[in-house]
Amino acid sequence: PMTNSYKIASRINSDVNARVTYKTDLEQFGVPEFWCEARNGFDDCDGYALLKRELLLNAGFARKDLHLACCWDETNTYHCILLCNTSKGWFVLDNRYTWPMTPKSLPYRWDKALREDGKWYAISF
């Protein structure tokens, strides 16, 4: 099997998006922010990203190729996605899009991403 298959990343992105329903942490946990994998069928953007990261790690992707990233969307809402290095290059796996997107194709203002060593770094595309 090909390492970091774009096809696997695309399938995991659409599968997670289809089976998780967006719900804010405030609605779900009673707090403004709570990061955890989307396990019960509901979560906000970081839950989608964390679950996708976990599934991609299980599929053989290296942690260095999966970075949680934060940005502001077109409504100026802070948003979390997963940056994924695939056989076709880096793509955004986003709960707002069924298919992987290139970072430059999105209407986002990029802020920071989390490396595999647990350190945040500034990003821009």
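## A first look around N17, S14 and the sheet

At 15% relative accessibility, N17 counts as buried, because anything under 20% falls in that class. Keep in mind as you look around that this is a predicted model.

So where does N17 sit? The residue belongs to helix α1, which covers residues 6-19. Its side chain reaches the backbone oxygen of D94, with 3.0 Å between them. If you set aside the neighbours within four places in sequence, N17 is in contact with Y48, K52, D94, N95, Y97 and T98.

A little earlier in helix α1 you'll find S14. Is S14 buried or partly exposed? At 23% relative accessibility, S14 counts as partly exposed, since that class lies between 20% and 50%. The side chain of S14 also reaches a backbone oxygen, that of R11, at 3.2 Å. Along the chain, S14 and L93 are 79 residues apart, yet their C-alpha atoms are separated by 8.9 Å.

Here are the two side-chain contacts in one place:

| Side chain | Backbone oxygen | Distance |
|---|---|---|
| N17 | D94 | 3.0 Å |
| S14 | R11 | 3.2 Å |

Now for the helix that α1 meets. Which residues bring α1 and α3 together? On the α1 side they are I8, A9, I12, N13, V16, N17 and R19, and on the α3 side Y48, L51, K52, L55 and L56. The axes of these two helices come within 10 Å and cross at roughly 140 degrees. That makes α1 and α3 oblique to each other, because an angle has to be over 145 degrees to count as roughly antiparallel. As for handedness, α1 passes α3 in a right-handed crossing.

Helix α3 (residues 45-58) has other company too: it lies across β3, β4 and β5, running at about 15 degrees to β4.

That takes us to the sheet. It's an open one, made of five strands in the order β5-β4-β3-β6-β7, with antiparallel pairing. At its edges are β5 and β7 (120-122), each of which pairs on one side only. On average, neighbouring strands of this sheet are turned by 30 degrees against each other, with direction ignored. In general, strands of a sheet pair through backbone hydrogen bonds, either parallel or antiparallel.

Strand β4 is a handy place to zoom in. This strand spans residues 78-86 and is mostly covered, with seven of its nine residues buried. How many bridges link β4 with β3 (residues 66-72)? There are seven, and the two strands pair in the antiparallel sense. To follow the pairing by eye, start with L66, which stands opposite C84 in β4. Then try H67, whose bridge partner in β4 is L83. The hairpin of β3 and β4 has five residues between the strands, and in this hairpin N76 takes a positive phi near 70 degrees.

On its other pairing, β4 joins strand β5 (residues 89-93) through five bridges, again with the strands running antiparallel. These strands form a hairpin as well, with two residues between them. One pair to look for here is T86 and its bridge partner in β5, G89.

To put the pieces side by side: α1 carries the buried N17, and its residues meet those of α3. Helix α3 in turn lies across β3, β4 and β5, while β4 pairs with β3 over seven bridges and with β5 over five.

Key
Residues numbered from 1 in each chain as written. Predicted model: local features only at pLDDT ≥ 70, side-chain atom pairs only at ≥ 80, totals over all residues. Heavy atoms only, no water. Buried < 20%, exposed > 50% of the residue type's maximum accessible area, 1.4 Å probe, protein only. Helix = DSSP H or I, 4+ residues; strand = E, 2+ residues; numbered from the N terminus. Pairing = 2+ DSSP bridges. Axes fitted to C-alpha atoms, helices over the stretch in contact; angles between N-to-C directions. Contact = heavy atoms within 4.5 Å. Polar contact = N/O pair within 3.5 Å; in protein donor to acceptor, adjacent residues only side chain to side chain. Parallel < 35°, antiparallel > 145°, perpendicular 65-115°, else oblique. Left-handed = near helix turned anticlockwise from the far one by under 90°.
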